[in-house]
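Hi,

Here is the structure I promised to pass on. Have a look at it first, and my notes follow underneath.

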4 protein chains.
Amino acid sequence: MIVLTFSCPDKKGIVAAVSKILFENGANIIESNQYSTNSGDNPHFFMRIVFETESLRGLRNINKKLSEFSSVFNAEFKLTDTSVKKKAAVFVSKEDHCLYELLWQKSSGDLFFDVICIVSNHNILQSVAESYGIPFIYAPYRDNRARQEEFIKKEFKRLNLEIDFVILAKYMRVLSEDFINSFCRKIINIHHSFLPSFPGAKPYVQAYQKGVKLVGATAHFVNEKLDDGPIIEQDIIRISHGDDISEIKRKGKIVEKLVLAKAVKFFTEDRILEYDNKTIIFE
Amino acid sequence: MIVLTFSCPDKKGIVAAVSKILFENGANIIESNQYSTNSGDNPHFFMRIVFETESLRGLRNINKKLSEFSSVFNAEFKLTDTSVKKKAAVFVSKEDHCLYELLWQKSSGDLFFDVICIVSNHNILQSVAESYGIPFIYAPYRDNRARQEEFIKKEFKRLNLEIDFVILAKYMRVLSEDFINSFCRKIINIHHSFLPSFPGAKPYVQAYQKGVKLVGATAHFVNEKLDDGPIIEQDIIRISHGDDISEIKRKGKIVEKLVLAKAVKFFTEDRILEYDNKTIIFE
Amino acid sequence: MIVLTFSCPDKKGIVAAVSKILFENGANIIESNQYSTNSGDNPHFFMRIVFETESLRGLRNINKKLSEFSSVFNAEFKLTDTSVKKKAAVFVSKEDHCLYELLWQKSSGDLFFDVICIVSNHNILQSVAESYGIPFIYAPYRDNRARQEEFIKKEFKRLNLEIDFVILAKYMRVLSEDFINSFCRKIINIHHSFLPSFPGAKPYVQAYQKGVKLVGATAHFVNEKLDDGPIIEQDIIRISHGDDISEIKRKGKIVEKLVLAKAVKFFTEDRILEYDNKTIIFE
Amino acid sequence: MIVLTFSCPDKKGIVAAVSKILFENGANIIESNQYSTNSGDNPHFFMRIVFETESLRGLRNINKKLSEFSSVFNAEFKLTDTSVKKKAAVFVSKEDHCLYELLWQKSSGDLFFDVICIVSNHNILQSVAESYGIPFIYAPYRDNRARQEEFIKKEFKRLNLEIDFVILAKYMRVLSEDFINSFCRKIINIHHSFLPSFPGAKPYVQAYQKGVKLVGATAHFVNEKLDDGPIIEQDIIRISHGDDISEIKRKGKIVEKLVLAKAVKFFTEDRILEYDNKTIIFE
C-alpha cells in the first residue's frame with residue numbers, strides 16, 4: 001500500500017481534485033484523514049491517504065499528476081511505499097530500556113522499521129547490539145563534541161549506512177546545531193519530562209523537588225533549540241509523596257519507552273506532518 | 001455547516017465520487033473522515049464529512065445527487081445542519097449527577113442540544129427541571145410498566161413534543177421492547193459498569209464483591225436486549241481495597257456523568273455511525 | 001470519629017508511643033498511615049490516624065498526652081472531629097463549572113463542608129449563589145486590588161463569617177501578599193495548567209501555541225509567589241492537533257473542576273500535610 | 001529491612017500492641033499501613049509494617065512475641081527479609097513480551113526477584129532462556145495435561161529447584177486443580193482482558209466482536225476456578241473502531257506486560273494480603 005501525505009494553503013476543492021487523481025489512476029482509498037487549521041488568516045490544509053494501486057504505471061502517473069497539481073496549489077506531498085522499511089540509527093548512552101522496547105516491538109512486528117546501527121558514547125550496550133547483530137558505533141571523545149560528532153559521521157560513511165531517521169533513545173547529550181543541520185534528516189528524541197516543564201538536565205530531580213503529582217515523558221523532533229522541537233507524543237504517570245527520586249525514575253522509564261515507541265510508530269507509518277513548530281498526527 | 005454521514009458496501013472510487021458531487025455544487029470540505037472494515041468478505045465503508053455551502057440550492061442539489069448515487073451504490077446517507085439543535089427527552093430517576101452535568105455542559109455551550117422535557121418515575125428532581133424552565137413529566141404507576149410507558153407517550157403527545165432522541169440519565173428502569181420499538185428514535189443509556197462486566201442490577205455491588213481494581217461506565221444505544229446495544233463510549237476509574245461500596249459509587253458517578261456527556265456530544269455532532277451492533281465514532 | 005495528623009523529626013518509637021496513648025485512652029484505630037522522608041540528613045515523620053473514642057474525657061486526655069509528647073519530640077499535631085463541617089469562602093469570577101461541581105458534590109454528600117459565602121469581582125454568578133441560599137459578596141473596585149480586598153475583608157466581618165479555608169474556584173485574579181498573610185488561613189487555588197508548565201495568564205493559549213499533546217490542571221495551596229505553592233493534586237486530559245483553543249478550554253474545564261473537587265476532598269478530610277513546600281497526601 | 005504482614009479479626013489495641021512489641025525489641029518502623037473492613041458483622045484487620053532491626057536476636061524475639069500474640073488474637077503474620085530474593089518459575093508459551101518485560105525490569109533493578117527456571121509447552125523461547133543463562137524446561141505431551149504436569153514436577157525435583165512462586169506469563173493453558181493444589185505455592189496469572197469481562201479463550205476476539213472502547217488486562221492469583229482467583233492488578237488501554245483484532249492484540253500486549261510486572265512487584269515486596277477471594281494491596 002501507498003501512503004500519501006499532503007499539505008497546502010487551504011482552498012476549496014482540494015479533496016475532490018486529489019481523490020479524482022487517485023481514482024482515475026486505479027487507486028483504491030483504504031483510509032483517509034484531513035485536517036485544516038481554521039485559526040488565523042491563512043488556513044492550512046493537511047491530508048493523509050492510504051491507498052492500493054494496481055500497477056506501477058498507475059502510481060507513476062499519480063506522482064506526475066500530484067506534482068503538477070502541487071506546483072499550482074503550492075502544496076507539498078510525499079508518496080511512501082508501506083512495504084519498505086525505514087532505516088534508523090539509534091543513539092543511546094547507558095540506559096537500555098528505550099532500546100530494548102524498540103527492539104522488542106520491532107521483533108514482535110509491532111514496529112515496522114530497521115535499526116541499522118546503534119551509536120553510543122559509552123560501550124555499555126555494545127553486547128545488546130551484538131546479540132541482535134546490529135553494528136555498534138562507539139563514539140569516543142566524550143569531552144569534545146565536535147570531534148565526537150565528526151567521528152560518528154565518518155563511521156556512517158565508512159559503514160555505508162543510508163539512514164532515514166535518527167532515534168535518540170536516551171542519548172543524554174545535546175547534538176550540535178551543525179550536526180542537526182548537516183545531517184538534515186529527521187531526529188526523534190525522548191525527553192524524560194512533560195515538556196515544557198523541566199527541560200534540560202535532571203528533570204526527575206526537578207520534578208521531585210517541585211512536588212508534582214504526575215511525571216511525564218515527551219517525544220519530539222529535534223531542532224536547534226534544546227528540548228523545543230515539535231512535540232510528537234506525551235504521556236504521564238502518577239507519582240506520590242512516597243516516591244523518592246529513584247522510584248520516580250523507575251516509574252518514568254515505563255512512560256519514556258512507551259512514548260518513544262509510539263512516536264517511532266507514528267513516524268514509520270508516515271502519520272506525522274509538521275507545521276508551525278507543531279505536529280499534526282493522523283492516528 | 002453541514003454534516004454528511006455516509007455508509008455503503010466498500011467499492012473503489014466512492015470518495016472521489018462523493019467529493020466530486022460536493023465540489024461541483026460549491027461545497028467546501030472542512031473536515032473529513034473515512035473508515036472501511038477490512039475484515040471478512042464484505043468490507044463496508046463509512047464516511048463523515050463536514051462542509052460549508054454557499055447556497056441552499058447547492059445543498060438541495062447535493063442531496064439529490066447523493067440520493068441518485070446511493071441507490072446505485074446501496075448506500076445510506078444523512079445531511080444535517082449543525083446550526084439546528086437536536087431535541088432530547090431526558091429520563092431520570094432519583095440521582096441528579098448525570099442530569100446536572102448535561103445541563104451544565106449545555107448551558108456553558110459545550111454541548112449543543114435542547115432538553116425539551118425531563119421524565120421521571122420519581123418527583124425528586126422536579127425542582128431541578130423547574131429551575132431550568134424545562135417541562136417535567138412525572139410518570140406514576142411504578143408497579144405497572146405498560147401503564148407507565150403509555151402515560152409517558154400520551155404526555156409527549158399532549159405537550160406536542162418533537163423528540164429527536166432520548167437520554168436515559170440513570171433512569172434505573174428497563175424500557176419495554178414495545179416502547180423502544182414504537183418510539184423508534186435513538187435512545188442513549190448510561191450503565192454504571194464497564195460492560196460486558198456486571199450488566200443488570202447493582203453493578204457497583206458486584207464490582208465490590210468481585211474485588212476489581214477499576215470500575216467503569218458505559219454509554220450505549222438501547223436495543224431490545226438488556227445492556228447489550230452498541231457501545232458508544234466507556235471509561236474507568238481506579239478503586240482500591242479501601243473503597244467500600246458507597247465510595248465506589250461516589251467515584252463511579254464522576255465517570256458516569258462524563259461518559260454520558262461525551263456520548264451525547266458524539267451523538268449531537270453526528271459523529272456516530274452504527275454497523276453490526278457496534279459503533280464507528282469519528283472523533 | 002477523630003482524625004489525628006501528626007509530624008515531627010523522625011525518631012524510633014513514635015508510632016509505638018502515639019498508639020499507646022490512643023489505646024490507653026480507649027481509642028479504636030480505624031485507619032492509619034505513616035510516611036517518613038528518608039532522603040537527606042534530617043528525616044521527617046508524618047502520620048494520619050482515624051480513630052473512635054468512647055468518651056469526651058478520653059479525647060481530652062489524648063489531647064493532653066499528645067501535647068506533652070509533642071513538646072518533647074518537637075512535633076506538630078492536630079485533632080479534628082470529622083462530624084464538624086469546615087467552612088469555606090469560595091471566590092469566583094465569570095466561569096461557573098468549578099463552583100457548580102463543588103456545590104453538586106456537596107449536595108450529593110460526596111464533599112462534606114459548608115460554603116458560607118461566594119465572593120466575586122463580577123456579579124454574573126450571583127443568581128447561582130442565591131438559588132443555593134448562599135450569601136454573595138460582590139467586590140467592586142476591579143481596578144484597585146487593595147480597595148477590593150479591603151472591601152472583601154470588611155464584608156467578612158460585617159457578615160460575621162468564620163472562615164476555615166478559601167477556595168479560589170477560577171477567581172482569575174492574583175491576591176495580594178498582604179491579603180494572603182493577614183488572612184492566614186488555608187487558600188486552595190485551581191490553576192488551569194499542569195504546573196510548572198504555563199504559570200500565569202492564558203495557559204491554554206500557551207499550551208495551544210506550544211503544541212502539547214496533553215493539557216492539565218493543578219490544585220495548590222496559595223503562597224506569596226504566583227502559582228508556586230505546594231501542589232495538592234494534578235491531572236491531565238489528552239488533546240490533539242484538531243483541538244482549537246476553545247476546544248482545549250472545554251476539555252480543560254472538565255479536568256479543572258475534578259482536580260479542584262479532589263483537592264477540596266483531601267483538605268476537608270484532613271488528608272494533607274505540608275512540608276518543604278510540598279504536600280504529603282494520605283489517600 | 002523486614003516486612004511484617006499481619007491480619008486478624010479486628011479488635012481494639014492491635015496497632016498499639018504490635019508496635020509496642022516492635023519498639024521494645026529495638027525495631028524502627030520505616031513505613032506502615034493498616035486497613036480494616038468495616039462492612040459486615042466481622043470486621044477484619046490487615047497491616048503491613050516495614051522496619052529495621054539492630055540485631056538478629058531482636059528479630060527472633062519479635063517473632064516469638066508475635067507468635068504468642070497471634071495465638072491469642074487469632075492472627076496470621078509473616079516476617080520477610082527484604083534482602084532475600086524470592087525465586088520464581090516463569091511459565092510461557094509462544095509469546096515473549098511478558099517474559100522480556102520481567103527480565104528487563106529484573107536486570108534494571110526495578111523488580112527484585114530471581115527467575116530460576118522458564119517452563120514452556122513450546123521451545124520457541126528456549127533461546128531467550130539460554131541467553132539469560134536460565135534453565136529452560138520444555139514440557140512435551142501437549143495433548144496430555146496430566147503427563148505434562150507430571151513431567152514439569154519431576155523436572156523441578158531433578159533440578160532441585162526451590163520455587164517460591166510461579167508466574168504464568170501468557171502460558172495459555174489451564175493448570176489442573178491437582179497441580180495447583182499439590183504445588184501449594186502462589187501462582188500469578190496474567191489474563192488478557194478486564195475480568196470479569198471475557199474470561200476463557202480469545203478475549204481480544206470477544207472484545208472486538210462486542211465493540212468495546214477499552215481493552216484491559218488482569219493479573220490475579222490462580223485458584224481452582226478458571227480466571228476467577230483474587231485480582232491483584234488491572235489496567236486498560238483505549239481502542240477505537242479502526243483497530244482490527246491484530247491491532248487490539250498489539251495494544252493489549254503493552255498493558256499485559258505492565259500489569260503483570262506490577263503484580264509481580266507487589267508480590268515480591270510482600271504488599272499483597274488475601275481475604276475473601278479479594279486482595280488488599282498496600283502500595
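Let me start in chain C, and please keep in mind that this is a predicted model. Strand β5 (residues 86-92) and strand β6 (residues 113-120) of chain C run parallel, paired over seven bridges. Within that pairing, F91(C) sits opposite V119(C) of β6(C). To get from β5(C) to β6(C), the chain goes through helix α3 (residues 97-107) of chain C, making a right-handed β-α-β crossover.

β5(C) has another parallel partner to look at: four bridges join it to strand β8 (residues 165-168) of chain C. There, A89(C) has V166(C) as its bridge partner. Five of the seven residues of β5(C) are buried, so the strand is largely enclosed by the rest of the structure.

Now the core. Nonpolar side chains tend to be buried together in soluble globular proteins. Here the largest nonpolar core has 341 residues, and A169(A), A169(B), A169(C) and A169(D) have the most contacts inside it. If you zoom in on A169(D), leaving out residues up to four places away in sequence, you'll find it touching V90(D), F91(D), V92(D), C98(D), L99(D), L102(D), I190(D) and L260(D).

Last, the copies. A turn of 180° with a shift of 0.0 Å along the axis lays chain C on chain A, with an RMSD of 0.0 Å. The two are thus related as by a two-fold rotation axis. In chain C, the residue that comes closest to that axis is S197(C), with its C-alpha at 2.4 Å. Also, 100% of the interface residues of chain C are interface residues in chain A too, so the copies meet through the same surface.

Cheers

Terms used
Residues numbered from 1 in each chain as written. Chains lettered and ligands numbered in written order. Predicted model: local features only at pLDDT ≥ 70, side-chain atom pairs only at ≥ 80, totals over all residues. Core = buried A, V, L, I, M, F, W, Y, C linked by C-beta atoms within 7 Å. Buried ≥ 20, exposed ≤ 12 C-beta atoms within 10 Å, placed from the backbone. Contact = placed C-beta atoms within 7 Å. Helix = DSSP H or I, 4+ residues; strand = E, 2+ residues; numbered from the N terminus. Pairing = 2+ DSSP bridges. Right-handed = clockwise from strand over helix to strand, strands pointing away. Least-squares fit on C-alpha atoms with pLDDT ≥ 70 in both.
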